[in-house]
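Student: I'm new to this structure and would like a close look at one part of it, the second largest pocket and what surrounds it. Could you walk me through that, starting from the whole and working inwards?

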Amino acid sequence: DLAPAARAAAGLTQAQLAERVTAARRRARAEGRAMSLDDLLVDLARRRLPISPALRRRIATYAAGRAVAAHVTRTARIDAIRLQGSHAELDLADWPNARTAADIGRNLVTLLAGRAAEEVILGEASGRCGGDADSDLARATRLAIEEALGRGHGTLVWCGAEEDPGTLFARHKGLRERVARRLEAAYARACALVRDHREVIDLIAADLVIDGVLEGEALNEALACCHVRDSGAEDDGPGDGGIDGFDWS
């Protein structure tokens, strides 16, 4: 059963894992025996610094908030959640949508829900929720910019949103303020969603802290505890509005 080794190696590159296997083989050979799974587990544990319980809970809470928001807003199907060392990995399959204002609003809420979960449940958000170009906050900002520019500021003139946000804010008067208002409104909805579904988020986070992974039937059962009030949406697809009483646009 390689599952324990797979969990212990989560987050390592192929080259890093090869180094661990080589070291385990070398140690077993020096003792005149074949390498065992325990040799590899020992080497994996020795070379990775432990994560504090508080940090593991924070990562789990962040991941649980994102997953519950994706489920409640129906922006994505959640197939698995894994804690990978000092970060979380969510296996999401995005539902197609028309990219209306409401669709974008749901996506913004989902992107900001991890940050909201940390703030609402743990008292403050960590730097992992923003900062680098791949963070949730950066992605949400780019999406809000794309929406603002794509709608032409009330005209039919299109402007691209691929440039650095700072450059776009300097070039387009009032863009920063519009994007900030959009993000603040979405974040308020994300915080409300977290408060409304805190019990489920806490349940999922607790499972992740213990096992490091949640998938399959166990994940579906946890998400089924969320109350998703949808107007006319099918069970296996995204809805168009009315979810939890929010006006997502």
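Tutor: Of the 249 residues in this protein, 40% are buried. Keep in mind that you're looking at a predicted model. It has ten helices and three strands. Going from the N terminus, you meet them in the order α-α-α-α-β-β-α-α-α-α-α-β-α.

Now for the pocket itself. The second largest pocket has about 350 Å³ of space in it, and 16 residues line it. If you want to find its middle on screen, look for D94, N107, L111, R139 and L143, the lining residues that lie nearest the centre. Strand 2, helix 5 and helix 6 are the elements that each give two or more residues to this lining. Helix 6 gives the most, with four residues. As for chemistry, the lining splits into seven charged residues, five nonpolar and four polar.

Let's stay with those elements for a bit. Strand 2 covers residues 87-94, helix 5 covers 101-122 and helix 6 covers 136-150. Between strand 2 and helix 5 there's a loop, and that's where R99 sits. R99 is worth a pause. Its phi is positive, near 60°, and it isn't a glycine. Why does that stand out? Most residues other than glycine have a negative phi. R99 is also partly exposed, because its relative accessibility of 43% falls between the 20% and 50% cut-offs.

R99 has a partner, too. Its side chain meets that of E146 in a salt bridge, with N and O 2.8 Å apart. The two are 47 residues apart, with E146 in helix 6, so this pair links distant parts of the chain. E146 has a relative accessible area of 39%, so it counts as partly exposed as well.

Step into helix 5 and you'll find another salt bridge, this one between R106 and D103, whose closest N and O atoms are 2.6 Å apart. They're three residues apart in the helix, so about one helical turn separates them. The general rule behind this is that an α-helix has 3.6 residues a turn, so residues three or four places apart point the same way. Both R106 and D103 are buried.

Back in strand 2, E89 pairs with R82 in a salt bridge, their closest N and O atoms being 3.3 Å apart. Here both partners are partly exposed: E89 has a relative accessible area of 34%, and R82 has 25%. The structure holds 15 salt bridges, and some share partners, joining E31, R33 and D39 into one network.

Follow the chain back from there and you reach strand 1, residues 76-84, with R74 in the loop between helix 4 and that strand. R74 comes after helix 4 and, like R99, has a positive phi near 60°. R74 isn't a glycine either. Its surroundings are another matter: R74 has a relative accessible area of 16%, so it's buried.

Helix 4 itself runs over residues 53-73. You can check its length with a little reasoning. At 1.5 Å a residue, its 21 residues should span 30 Å, and the end C-alpha atoms are indeed 30 Å apart, so the two agree. Of those 21 residues, 15 are buried, so helix 4 is largely enclosed by the rest of the structure.

Two more spots will help you find your way around. At the start of the chain, D1 lies in the segment before helix 1, which covers 3-8. D1 is exposed, because its 74% relative accessibility is over 50%. Even so, the C-alpha atoms of D1 and L37 are separated by 8.8 Å, with their positions 36 residues apart along the chain.

Further along are some cysteines. The structure holds zero disulfides. C226 is in none, and the nearest cysteine sulfur, that of C225, is 7.2 Å away. A disulfide needs two sulfur atoms within 2.5 Å, so that pair doesn't qualify. C226 is buried at 8% relative accessibility, and C191 is buried too, with a relative accessible area of 9%.

So, back to where you started: the second largest pocket takes two or more lining residues from each of strand 2, helix 5 and helix 6, and the R99–E146 salt bridge ties helix 6 to the loop between the other two.

Terms used. Residues are numbered from 1 along each chain as its sequence is written. This is a predicted model: local features need pLDDT of at least 70, side-chain atom pairs count only at pLDDT 80 or more; totals for chains, interfaces and linings use all residues. Side-chain values use heavy atoms; hydrogens and water are left out. The expected span of a helix is 1.5 Å times one less than its number of residues. Buried means under 20% relative accessible area, exposed over 50%, partly exposed in between (1.4 Å probe, protein chains only). A salt bridge is a side-chain nitrogen of Lys or Arg within 4 Å of a carboxyl oxygen of Asp or Glu. On a 1 Å grid over the protein atoms alone, a cavity is a set of points where a 1.4 Å probe fits but cannot get out, and a pocket is an open set with protein on both sides within 12 Å along at least five of seven lines; lining residues have an atom within 4 Å of a point. Grid points are joined across faces, edges and corners, and a volume is the space filled by probe spheres set on the points. Ala, Val, Leu, Ile, Met, Phe, Trp, Tyr, Cys and Pro count as nonpolar, Asp, Glu, Lys and Arg as charged, and the others, Gly among them, as polar.
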